[in-house]
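Trainee: Please show me how to read helix packing.
Mentor: Let us look together.

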Amino acid sequence: MSPEEKKAFMLLKSVIFHYHGLDADELRILEETADELDAHEALEWANNFISSDRLTAFDRAQEYLNEVIGPLNKEKRLSYLDRVWKANNVKGYITELEATAMIKLAREWQIERELIALIRG
């Protein structure tokens, strides 16, 4: 994963987790992901991106993610959203807002059908 992809992935995961307010489990999962990917700077960047304006964070993130993740091959785009979906399952729940946000991104990235197939598994 390139440094730019790390930033985008950490932003994707973080913006979804922040959607309803970041809780302790979500913070732990984000830190674990940063450890696994050696992406602590990317996580800090993502959190600063979100905190700069929480009201517009998803829309701004969506634009950024469309530029960085959108052009990647279908398998990578799907993998990133699937990993975020599974991380939500680790914390024990997925809110309707989080699910809707991920499906919206999948639709834009032209992988909605594939994501839903993975979810239904």
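Mentor: Angles under 35 degrees count as roughly parallel, over 145 as roughly antiparallel, 65 to 115 as roughly perpendicular and the rest as oblique. This is a predicted model, where local features need pLDDT of at least 70, side-chain atom pairs count only at pLDDT 80 or more, and totals for chains, interfaces and linings use all residues. Residues are numbered from 1 along each chain as its sequence is written, and side-chain values use heavy atoms, leaving out hydrogens and water.

Trainee: At what angle do α3 and α4 pack?
Mentor: Two packed helices are described by the angle between their axes and the distance between the axes. For α3 and α4 the angle is about 130°, and the axes are 8 Å apart. They are therefore oblique to each other.

Trainee: Which residues in α3 meet α4?
Mentor: Contact means heavy atoms within 4.5 Å. Trp45, Phe49 and Ile50 in α3 meet Ala57, Arg60, Ala61 and Tyr64 in α4.

Trainee: How do α1 and α5 pack?
Mentor: Helix α1 (residues 3-17) and helix α5 (residues 74-91) pack at about 40°, with axes 10 Å apart. That makes α1 oblique to α5.

Trainee: Is α1 enclosed or not?
Mentor: Buried means under 20% relative accessible area, exposed over 50%, and partly exposed in between, with a 1.4 Å probe and protein chains only. Twelve of the 15 residues of α1 are buried, so α1 is largely enclosed by the rest of the structure. Among the buried residues are Phe9, Leu12 and Ile16.

Trainee: What do the buried residues of α1 pack against?
Mentor: They pack against α2 (24-37), α3 (40-51), α4 (57-68), α5 and α6 (96-108).

Terms used
Axes are lines fitted to C-alpha atoms, for helices over the stretch in contact, and angles run from 0 to 180 degrees between N-to-C directions. Helices (H or I, at least four residues) and strands (E, at least two) are DSSP runs, numbered from the N terminus.
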